[in-house]
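Student: Could we go through this model together, and could you show me how each label is earned?
Tutor: Gladly; have a look at it here.

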Amino acid sequence: MDFIDLPQLLAARGTLRLPGSKSISNRVLLLAALASGDTELRDLLQSDDTARMIDALRKLGVKVEALADNGFRVSGVGGVFPLRQADLFLGNAGTAFRSLTAVLALAGGDYRLSGVARMHERPIADLVDALRQLGAEITYAEQGGFPPLLISAPTPCPVDLVRVRGDVSSQFLSGLLMALPLRGVATTVEVVGELISRPYVDITLASMARFGVEVLREGWQRFTVAAGSAYRSPGVVEVEGDASSASYFLALGALGGGPLRVEGVGRDSLQGDVRFADALAGMGAKITVGDSWIEAAAADNGRLRGVDLDCNHIPDAAMTLATVALFAEGPTILRNVASWRVKETDRIAAMACELQKLGASVETGDDFIRIVPPARDRGLRPAAIDTYDDHRMAMCFSLAALGTPLRINDPAAVGKTFPDYFTRFAAVTQPVPVVAIDGTSASGKGTVASRVAAALGWHYLDSGALYRLTALAARRAAVGWDDEAAVAGIAANLDVDFAGGVTRLSGEDVGDAIRSEEISGGASRVAALPAVRAALLFRQRAFRRPPGLVADGRDMGAVVFPDSMTKVFLTASVEIRAERRHKQLIDKGIAASIAALLLDLRERDERDSQRCVAPMQQSADAELLDTTNLTIATAVAQVLDWVNKVSERG
């Protein structure tokens with residue numbers, strides 16, 4: 001799928017079981033492989049990142065057996081990999097790449113480590129420099145300071161103190177620490193500069209302790225692994241839920257009313273990102289924490305406030321705060337996030353670009369981002385969000401659907417850590433409701449739909465008007481209706497306004513012009529062009545605003561709003577439809593022939609039902625309403641009855 005369109009949401013609530021922590025999953029996979037004995041890993045995260053680690057371990061000769069319910073059994077090799085040569089592709093999995101670089105550099109053997117193009121842009125020189133102090137033989141295969149890497153067996157080295165920078169990525173320190181027991185001698189790591197993302201180092205230390213290696217820590221500057229340290233299997237390891245993933249759903253609860261509970265992390269979590277809940281509370285959200293769950297709900301007054309926050313302790317979850325800031329009162333400043341620039345993408349630059357699409361004012365620096373939300377009376381703008389092949393960009397920006405319809409490009413990026421994210425997202429959110437009324441030309445769908453919308457107090461979309469506007473704009477631009485690329489370009493840039501019941505194109509009232517027989521015929525022709533329909537799809541979906549939408553057209557229920565709460569298909573005999581169209585034209589002073597109208601309607605019905613893209617047909621779940629012998633009032637009453645019955649069923 002190239003994109004996913006998210007409707008504007010009214011609320012978010014419910015309970016969700018989190019997938020396993022990525023940070024813990026990849027650490028315990030590697031430690032289980034290095035340990036003596038078999039280890040059963042339960043609730044391991046199933047994602048691209050963990051798949052890369054598992055593939056790499058298997059290529060190194062480690063037996064990794066899949067069990068039921070996201071479980072795996074890893075047969076440890078006691079620190080000696082059976083295969084001493086391997087070419088490992090690690091995608092964009094930073095936790096796998098950095099830790100395996102360190103372990104293989106000290107394990108002995110000839111290895112090549114590579115990844116996707118973005119991984120080859122992520123710096124690794126600080127880790128390589130530290131490993132070389134210990135005798136590691138590492139060569140840059142392409143650009144100095146960056147992957148791919150060629151690793152050979154290390155040379156004997158008596159060094160017992162190694163220095164590593166801590167201000168670029170904590171993964172360098174984590175990888176180094178996990179590898180040190182392979183040396184067999186006491187080794188101290190001294191951190192140069194400030195250590196960022198300290199909670200992730202805590203996860204590393206706790207994971208190593210689970211496998212029998214205690215690291216002596218002196219503040220955040222010195223870490224010592226004792227001589228004779230060796231990993232031993234603890235038998236069974238339960239992987240707790242992913243706290244970074246929890247941030248999206250806690251934010252949903254705070255923004256969408258809630259309560260929304262995430263299960264799998266709680267007050268005793270190993271992961272620093274659980275402190276995201278504290279940041280939300282600081283913005284005014286109501287947070288409740290249990291032993292293995294956290295729950296979020298909206299502030300008592302329904303409003304969040306901007307914050308000025310040092311995010312060193314929650315570097316990944318801080319991205320979620322950037323989208324929460326769109327709904328806060330006042331600016332939000334997120335500081336100490338320089339590590340964002342060396343992640344899956346330059347997250348500071350990417351976040352700034354996409355927030356601005358939604359209407360926010362954004363200022364950035366080397367290690368901060370300042371976000372001023374759009375004025376409350378303007379709200380968020382519908383936008384197509386680019387994700388930069390970054391899973392967190394896709395998940396963070398999904399939250400903006402609480403303020404506007406959205407298109408998320410390349411949603412498959414979430415597969416890196418949360419493959420079924422959008423399914424789980426949909427399960428705990430309530431979208432703006434839609435009533436879709438489709439039908440044949442002149443069956444009365446426009447009149448019925450507009451009156452149903454008025455009765456409900458909802459918005460109304462005449463989707464056919466968009467195609468008529470496209471046909472009119474193409475005619476005025478001297479573009480042929482069969483010129484698909486040119487017409488699609490016009491459709492994508494239509495300046496349309498439906499305010500006050502008046503249809504305007506570039507500021508001009510064109511309500512009568514688009515209802516002419518010529519333009520109606522042109523609308524049917526351009527609607528058959530796939531590129532035109534694609535160009536107008538998101539524009540139609542952007543009309544879905546609170547409290548609800550009634551949309552009429554030819555494929556509203558089947559294609560544009562397949563999740564409509566009520567779907568109706570209107571029809572009538574072609575003779576009655578010709579009479580209705582004749583009366584409309586005569587009332588406007590336009591000469592018309594019943595015979596010509598009959599022929600035109602028959603041809604249009606045939607063309608619309610046979611077209612290869614979105615043919616006009618009744619959806620299997622749509623109510624059929626034949627208006628041949630019905631008054632408009634009767635038809636409206638029937639549709640409202642169907643809507644009310646659905647509402648009563650919840």
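The talk below goes through cysteines, aromatic rings, charges over rings and the largest pocket.

Tutor: Keep in mind that this is a predicted model.

Student: How do you know that C311 is in no disulfide?
Tutor: A disulfide needs two cysteine sulfur atoms within 2.5 Å. The closest cysteine sulfur to that of C311 belongs to C396 and is 12 Å away, so it is too far for a bond. A search of the whole structure finds zero disulfides.

Student: Why is C311 called buried?
Tutor: Buried means under 20% relative accessible area. C311 has 0%, so the label applies. C396 also counts as buried, at 0% relative accessibility.

Student: What makes W220 and F223 a tilted pair?
Tutor: Two rings pair if their centres lie within 6.5 Å, and tilted covers planes that are neither under 30 degrees apart nor over 60. For W220 and F223 the centres are 6.4 Å apart and the planes meet at 55 degrees, so the pair is tilted. F223 is buried, with a relative accessible area of 0%.

Student: Why is the pair of Y248 and Y421 called edge-to-face?
Tutor: Planes over 60 degrees apart earn that name. Here the angle is 80 degrees, with 5.8 Å centre to centre, so Y248 and Y421 qualify as an edge-to-face pair.

Student: What does the pair of Y248 and Y421 tie together?
Tutor: Y248 lies in helix 7 (residues 243-255) and Y421 in helix 12 (residues 421-427), so the pair ties together parts that are 173 residues apart in sequence. Y248 is buried at 0% relative accessible area, and Y421 is buried at 0% too. Ring pairs link Y248, F249, F418, Y421, F422 and F425 into a cluster. The whole structure holds seven aromatic pairs.

Student: How do you know that R261 lies over the face of W293?
Tutor: The distance limit is 6 Å from the ring centre, and the charge must also be within 35 degrees of the ring normal. R261 is placed over the face of W293 at 3.6 Å from the ring centre, which fits the distance limit. R217 is likewise over the face of W220, at 4.1 Å from the ring centre.

Student: Which residues lie nearest the centre of the largest pocket?
Tutor: Those are G446, Y460, D462, R468 and R515, out of 49 lining residues. The lining divides into 14 nonpolar, 18 polar and 17 charged residues, and the pocket has a volume of about 1200 Å³. Among the elements that each supply at least two lining residues are helix 13 (445-456) and strand 28 (459-462).

Terms used:
Residues numbered from 1 in each chain as written. Predicted model: local features only at pLDDT ≥ 70, side-chain atom pairs only at ≥ 80, totals over all residues. Heavy atoms only, no water. 1 Å grid on protein atoms, 1.4 Å probe; cavity = no way out; pocket = protein on both sides within 12 Å on 5 of 7 lines; lining within 4 Å. Points joined across faces, edges and corners; volume = space filled by probe spheres on them. Helix = DSSP H or I, 4+ residues; strand = E, 2+ residues; numbered from the N terminus. Nonpolar A, V, L, I, M, F, W, Y, C, P; charged D, E, K, R; others polar. Buried < 20%, exposed > 50% of the residue type's maximum accessible area, 1.4 Å probe, protein only. Phe/Tyr/Trp six-rings, centres within 6.5 Å; stacked < 30°, edge-to-face > 60°.
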